Amino acid sequence: QVQLVESGGGLVQPGGSLRLSCVASGFTFSSYALTWVRQAPGKGLEWVSDIRAGGENTYYADSVKGRFTISRDNAKNTLYLQMNSLKPEDTAVYYCAKMRLGYGIDYWGKGTLVTVSS
């Protein structure tokens, strides 16, 4: 079955960096677009970034543009999110998710918590 397992979250000071990873299994990784979505404490889901199947096209929310970089290694079935210049408002649980063309998100990981605080 499809599994998405995030890692790399933790506590970081404002201005710091983290790299999140999401290891996938149970589907043909290189054939699907993937996305990162986050949920801050007490708030709703916020889309962060998308990457197309081949990795050639990436998209970002305005709130993270210029600070976050999404990438993927199709040989390793792994999705990444490099987060730089982190701000307290980036504190959230970060989820990776698989997307199905014409449908949207069909599978979610369980998330990894990022806390940005001094």
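These exercises work through a sheet, two loop residues and a set of aromatic rings in a predicted model.

**Exercise 1. The sheet**

Work out which strands form the edges of the open sheet of four strands, and how the strands are arranged.

Solution.
- Start with the order. The strands run 1-3-8-7, and their pairing is antiparallel.
- Now take the ends. Strand 1 (3–7) and strand 7 (68–73) each pair on one side only, and these are the edge strands.
- Add the angle. Neighbouring strands are turned by 15 degrees against each other on average, direction ignored.
- Look at one pairing in detail. Strand 7 and strand 8 (residues 78–83) run antiparallel and are joined by six bridges.
- Pick a residue in that pairing. Leu81 in strand 8 stands opposite Ile70.

**Exercise 2. Positive phi**

Locate Asn77 and Ser85, and state whether each is buried, partly exposed or exposed.

Solution.
- Recall the background. Most residues other than glycine have a negative phi.
- Check Asn77. Its phi is positive, about 55 degrees, although Asn77 is not a glycine.
- Place Asn77. It is in the loop between strand 7 and strand 8.
- Classify Asn77. Its relative accessible area is 26%, so Asn77 is partly exposed.
- Check Ser85. Its phi is also positive, near 50 degrees, and Ser85 is a residue other than glycine.
- Place Ser85. It is in the loop between strand 8 and strand 9 (92–100).
- Classify Ser85. Its relative accessibility is 41%, so Ser85 counts as partly exposed.

**Exercise 3. Ring pairs**

Classify the ring pairs Phe27 with Phe29 and Phe27 with Tyr32.

Solution.
- Choose the two quantities. A ring pair is described by the distance of the centres and the angle of the planes.
- Take Phe27 and Phe29. The centres are 6.2 Å apart and the planes are at 40 degrees, so this pair is tilted.
- Take Phe27 and Tyr32. The centres are 5.8 Å apart. The planes are at 75 degrees, and edge-to-face needs over 60, so this pair is edge-to-face.
- Join the pairs. Phe27, Phe29 and Tyr32 are linked into a cluster by ring pairs.
- Test burial. Phe27 has 15% relative accessibility, so Phe27 counts as buried. Phe29 is buried too. Tyr32 is partly exposed, with a relative accessible area of 27%.

**Exercise 4. Charges over rings**

Find which ring lies under the charged end of Lys98, and which ring has Arg100 over its face.

Solution.
- Begin with Lys98. Its charged end sits over the ring of Phe27, 5.5 Å from the ring centre.
- Connect this to Exercise 3. Phe27 is also in the ring cluster with Phe29 and Tyr32.
- Finish with Arg100. It lies over the face of Tyr103, at 4.2 Å from the ring centre.

Terms used
Residues are numbered from 1 along each chain as its sequence is written. This is a predicted model: local features need pLDDT of at least 70, side-chain atom pairs count only at pLDDT 80 or more; totals for chains, interfaces and linings use all residues. Side-chain values use heavy atoms; hydrogens and water are left out. Two strands pair if DSSP finds at least two bridges between them. Helices (H or I, at least four residues) and strands (E, at least two) are DSSP runs, numbered from the N terminus. Axes are lines fitted to C-alpha atoms, for helices over the stretch in contact, and angles run from 0 to 180 degrees between N-to-C directions. Buried means under 20% relative accessible area, exposed over 50%, partly exposed in between (1.4 Å probe, protein chains only). Rings of Phe, Tyr and Trp (its six-membered ring) pair if their centres lie within 6.5 Å; planes under 30 degrees apart count as stacked, over 60 as edge-to-face and the rest as tilted. A charge sits over a ring if NZ of Lys or CZ of Arg is within 6 Å of the ring centre and within 35 degrees of the ring normal.
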